[in-house]
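Here are a few exercises to work through at your own pace. Try each task before you read its solution.

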Amino acid sequence: MDLFKVYPLWDIDIVRAEGSYVWDDKGTRYLDMYGGHAVISIGHTHPHYVDTVVNQLKHIGFYSNSVIIDQQRELADKLGELSGKRDYQLFLCNSGAEANENALKLASFHNGKSKVIAMKGAFHGRTSLAVAATDNPNIVAPVNRTDNVIFVPLNDEAALEEAFKNNEISSVIVEAIQGVGGIRIASREFLRKIRSLCDRYNAVYIADEVQCGCGRTGQYYASDWADVHADIYTMAKGLGNGFPIGAIAIAPHIAPKLGMLGTTFGGNHLGCAAAIAVADVMAGDRLIDNAREIGEYLTAELKKLPGVKEVRGRGLMIGIELFEDSAPLRKKLLFDEKIFVGSSGNKNVFRLLPALNVKKEHVDALLAALRKLLTV
Ligand SMILES: Cc1ncc(COP(=O)(O)O)c(C=O)c1O
């Protein structure tokens with residue numbers, strides 16, 4: 001059987017990883033400034049993570065949500081501590097798209113309304129409503145098309161207010177920093193406006209923290225930079241450091257009903273063990289502070305480079321916009337300098353999404369390589 005070819009691939013076979021490095025089958029070492037697409041939060045094969053997952057697997061890997069799974073409670077407590085939102089409720093699933101799907105659905109159950117406001121440039125996943133709320137017609141199949149989603153330009157408060165006027169808005173879904181969209185930051189004022197309009201019109205504010213969350217920007221949730229609470233935070237990527245797990249954190253005023261949401265695999269023992277290990281390392285090693293500190297240093301240094309139009313982002317979620325297509329530079333970084341970085345929906349912008357415990361020596365290596373390639 002052949003693979004269903006949907007991914008453009010680099011001709012590199014990665015077989016081993018440790019910290020911020022990965023190795024291919026020929027023994028070549030690469031610096032990972034991409035984190036496997038913002039997924040590697042505490043570094044590859046972190047010893048505490050490996051021990052916790054292996055140990056859990058020896059006891060039990062999976063049982064269904066028909067029984068008590070202690071690890072779910074432990075994870076909920078730890079995420080409550082890390083995020084400071086101790087009174088929120090946790091629902092566990094398996095991916096970012098699934099987290100958003102559940103959030104949008106839960107909002108609609110909660111207020112009985114059906115319209116969603118999403119942002120131009122947004123990416124929320126590839127399942128039915130998540131993809132309908134994604135601003136990319138190429139990945140929306142005819143069956144996913146719906147007039148329930150209204151797109152407004154990011155940071156356009158007047159357009160947002162206008163979209164609310166029909167009073168059928170169930171939820172607003174927004175990335176505090178658009179990832180796929182090319183590292184576009186939602187302004188503090190815009191997020192605060194979403195909060196106040198959601199309050200005024202009985203709508204649900206959904207913060208898609210799948211890429212920008214889990215400590216990456218120097219706060220547990222990137223939306224927290226606006227100093228207002230969302231009603232639902234969605235998470236995945238960095239939550240499990242590579243173990244497929246997604247989650248939504250739900251404000252206390254949204255009440256559950258038995259059978260309202262559900263999934264076979266979500267919240268299984270193994271996935272929870274992985275996410276608990278991530279939370280332990282994040283708290284114990286102060287990785288959120290490291291993300292903020294190294295991110296500030298890296299951003300300041302990137303701004304000094306020649307050939308760079310703009311550097312955007314927060315913490316370790318950084319977009320570098322060139323005056324031209326970034327693909328040739330990314331290719332040279334990978335094949336000549338052995339450094340992984342990420343592309344984005346904007347061809348001129350490439351992304352840095354390294355592990356949150358990346359060290360100064362790693363980012364200095366990246367800066368040296370960029371200095372060399374951008375000055376020739
Ligand atoms: C902001 C955001 N939301 C949702 C998703 C979808 O997550 P997943 O690929 O785990 O379904 C992504 C994936 O890149 C994302 O960046």
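## Exercise 1: Two domains

**Task.** How far apart do the C-alpha centres of domain 1 and domain 2 lie, and which elements supply the side of domain 1 that touches domain 2?

**Solution.** Keep in mind that this is a predicted model.

1. Between the C-alpha centres of domain 1 and domain 2 there are 25 Å.
2. The domain assignment gives domain 1 as 14-46 + 286-375 and domain 2 as 47-284.
3. In the contact between them, 27 residues of domain 1 meet 29 residues of domain 2.
4. On the side of domain 1 that touches domain 2, at least two residues each come from α1 (35-38), α9, β13 (308-314), β14 (317-322) and β16 (349-352).
5. Of these, α9 gives the most, with five residues.
6. Sorted by class, this side of domain 1 has 12 nonpolar, 11 polar and four charged residues.

## Exercise 2: Helix α11

**Task.** Compare the expected span of helix α11 with the distance between its end C-alpha atoms, then work out where its buried residues fall.

**Solution.**

1. Helix α11 (residues 360-375) has 16 residues, so at 1.5 Å a residue it should span 22 Å. Its end C-alpha atoms are 22 Å apart, which agrees.
2. Now list the buried residues of α11: H362, V363, L366, A369 and L370.
3. Looking down the axis of α11, you find these buried residues within an arc of 120°, so they line one face of the helix.
4. The spacing fits a simple rule: an α-helix has 3.6 residues a turn, so residues three or four places apart point the same way.
5. Turned away from the buried side of α11 is a face with the exposed residues E361, A368, K372 and T375.
6. The cover over the buried residues of α11 includes β3 (29-32), α9 (287-302), α10 (327-335) and β15 (339-340).

## Exercise 3: A glycine in a loop

**Task.** Is G179 buried or exposed, and which residues does G179 touch?

**Solution.**

1. Locate G179 in the loop between β8 (177-178) and β9 (184-185).
2. Count its neighbours: 26 other C-beta atoms lie within 10 Å, so G179 is buried, the cut-off being 20 or more.
3. Leaving out residues up to four places away in sequence, G179 touches A38, F123, Q211 and C212.
4. G121 is 58 residues from G179 along the chain, with 9.2 Å between their C-alpha atoms.

## Exercise 4: The ligand shell

**Task.** Which residues come nearest to the ligand, and which helix gives the most to the shell around the ligand?

**Solution.**

1. There are 14 residues around the ligand, and G96, A97, G125, V210 and Q211 come nearest.
2. Helix α4 (residues 96-111) gives the most to this shell, with three residues.
3. By class, the shell holds five nonpolar, seven polar and two charged residues.

How values were computed. Residues are numbered from 1 along each chain as its sequence is written. This is a predicted model: local features need pLDDT of at least 70, side-chain atom pairs count only at pLDDT 80 or more; totals for chains, interfaces and linings use all residues. A residue is near a molecule or strand if its C-beta atom, placed from the backbone, lies within 6 Å of it. Helices (H or I, at least four residues) and strands (E, at least two) are DSSP runs, numbered from the N terminus. Ala, Val, Leu, Ile, Met, Phe, Trp, Tyr, Cys and Pro count as nonpolar, Asp, Glu, Lys and Arg as charged, and the others, Gly among them, as polar. The expected span of a helix is 1.5 Å times one less than its number of residues. A residue is buried if 20 or more other C-beta atoms lie within 10 Å of its own, exposed if 12 or fewer, and partly exposed in between; C-beta atoms are placed from the backbone. The arc is that of the directions from the helix axis to the C-beta atoms. Two residues are in contact if their C-beta atoms, placed from the backbone, lie within 7 Å. Domain bounds come from an automatic or database domain assignment.
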